[in-house]
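Here is a walk through one protein chain, strand by strand and contact by contact. Keep the structure in view and find each residue as it is named.

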Amino acid sequence: VQLQASGGGLVQTGGSLRLSCVASGRAFSRYYMAWFRQAPGKEREFVSAIGWSSQYYADSVKGRFTISRDNVKNTMYLQMNSLKPEDTAVYYCAARSGSYTPHEYGYHYWGQGTQVTVSS
């Protein structure tokens, strides 16, 4: 499956953005989908994941970010509210044909990333 992430941009502290990840292929609903992010000088970290009916969040984004998916449109979303400067990173979408894991090595497919910058 091929993934295309979009929706990043520059926003002020407290603002909102919605990221999208469009997947090619016919079996989108079977994949566990996730968002990861990588800030400058830091390792890539888990942000959120979604399966058929379950959602998971990193503690740092819980209550501020909401993950969702539209299996008809083959698209996953990440609604990001109350953004903070520490949310600044390149955000990647990923997919795996299996159950939930927050570990990046468990994901087989990756999008190209979209930059999110939160100014203070």
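Start with a hairpin: strands β5 and β6 form one, with four residues between them. Remember as you look that this is a predicted model. The two strands of the hairpin run antiparallel and pair over three bridges. Find alanine 49, and across from it you will see tyrosine 56 in β6.

Strand β5 spans residues 45-50. How many of its six residues are buried? Five of them are, so the strand is mostly covered, given that buried means under 20% relative accessible area.

β5 has another partner to look at. It pairs with β4 in the antiparallel sense, over five bridges. Here methionine 33 stands opposite isoleucine 50 in β5. β4 and β5 also make a hairpin, with six residues between the strands. In this hairpin, find glycine 41, which takes a positive phi near 75°.

A general point helps when you look at such pairs. Strands of a sheet pair through backbone hydrogen bonds, either parallel or antiparallel. Side chains in a regular strand alternate between the two faces of the sheet.

Now move to an open sheet of four strands. Read across it and the order is β1-β3-β8-β7, with antiparallel pairing. Which strands stand at the edges? They are β1 (3-6) and β7 (65-70). Each has a single partner strand, so one side of each is left without a neighbour in the sheet. Neighbouring strands of this sheet are turned against each other by 15° on average, direction ignored.

Look next at β3 and β8 within this sheet. β3 covers residues 17-23 and β8 covers residues 75-80. Their antiparallel pairing extends over six bridges. Leucine 17 is a good place to check, as methionine 80 in β8 stands opposite.

Turn now from strands to charges. Side chains of opposite charge can pair when their charged atoms come close. How many salt bridges does a search of the whole structure find? It finds five.

Take aspartate 87. Its side chain meets that of arginine 37 in a salt bridge, at 2.9 Å from N to O. The two residues are 50 apart, and their pair links distant parts of the chain. Aspartate 87 is in the loop between β8 and β9, while arginine 37 is in strand β4 (residues 32-38). Are these two residues buried or exposed? Both aspartate 87 and arginine 37 are buried.

Aspartate 87 also forms a salt bridge with arginine 64, where the closest N and O atoms are 2.7 Å apart. This pair, too, links distant parts of the chain, 23 residues apart. Arginine 64 lies in the loop between β6 (55-57) and β7. Why does arginine 64 count as buried? Its relative accessibility is 11%, so it counts as buried. Aspartate 87 counts as buried because its relative accessibility is 0%. Through shared partners, salt bridges join Arg37, Glu45, Arg64 and Asp87 into one network.

Another salt bridge joins lysine 62 and aspartate 59, with the closest N and O atoms 3.1 Å apart. Aspartate 59 is exposed, with a relative accessible area of 66%.

Arginine 96 tells another story. Find it in strand β9 (residues 89-96). It is buried yet has no salt bridge. Where is the nearest side chain of opposite charge? It belongs to glutamate 104, 12 Å away. A salt bridge needs a nitrogen within 4 Å of a carboxyl oxygen, so glutamate 104 does not qualify. What does the side chain of arginine 96 reach? It reaches the backbone oxygen of glycine 106, at 2.4 Å. Beyond its neighbours within four places in sequence, arginine 96 is in contact with residues including Tyr31, Tyr32 and His108.

End at tryptophan 110, in strand β10 (residues 109-110). Its relative accessibility is 26%, so it counts as partly exposed. A polar atom of its side chain lies 3.2 Å from the backbone oxygen of tyrosine 107. Leaving out residues up to four places away in sequence, tryptophan 110 touches several others, among them Leu3, Phe36, Tyr92 and Glu104. Finally, find tryptophan 35. It is 75 residues from tryptophan 110 along the chain, yet their C-alpha atoms are separated by 9.6 Å.

Technical notes: Residues numbered from 1 in each chain as written. Predicted model: local features only at pLDDT ≥ 70, side-chain atom pairs only at ≥ 80, totals over all residues. Heavy atoms only, no water. Buried < 20%, exposed > 50% of the residue type's maximum accessible area, 1.4 Å probe, protein only. Lys, Arg positive; Asp, Glu negative; His and termini not counted. Polar contact = N/O pair within 3.5 Å; in protein donor to acceptor, adjacent residues only side chain to side chain. Contact = heavy atoms within 4.5 Å. Pairing = 2+ DSSP bridges. Axes fitted to C-alpha atoms, helices over the stretch in contact; angles between N-to-C directions.
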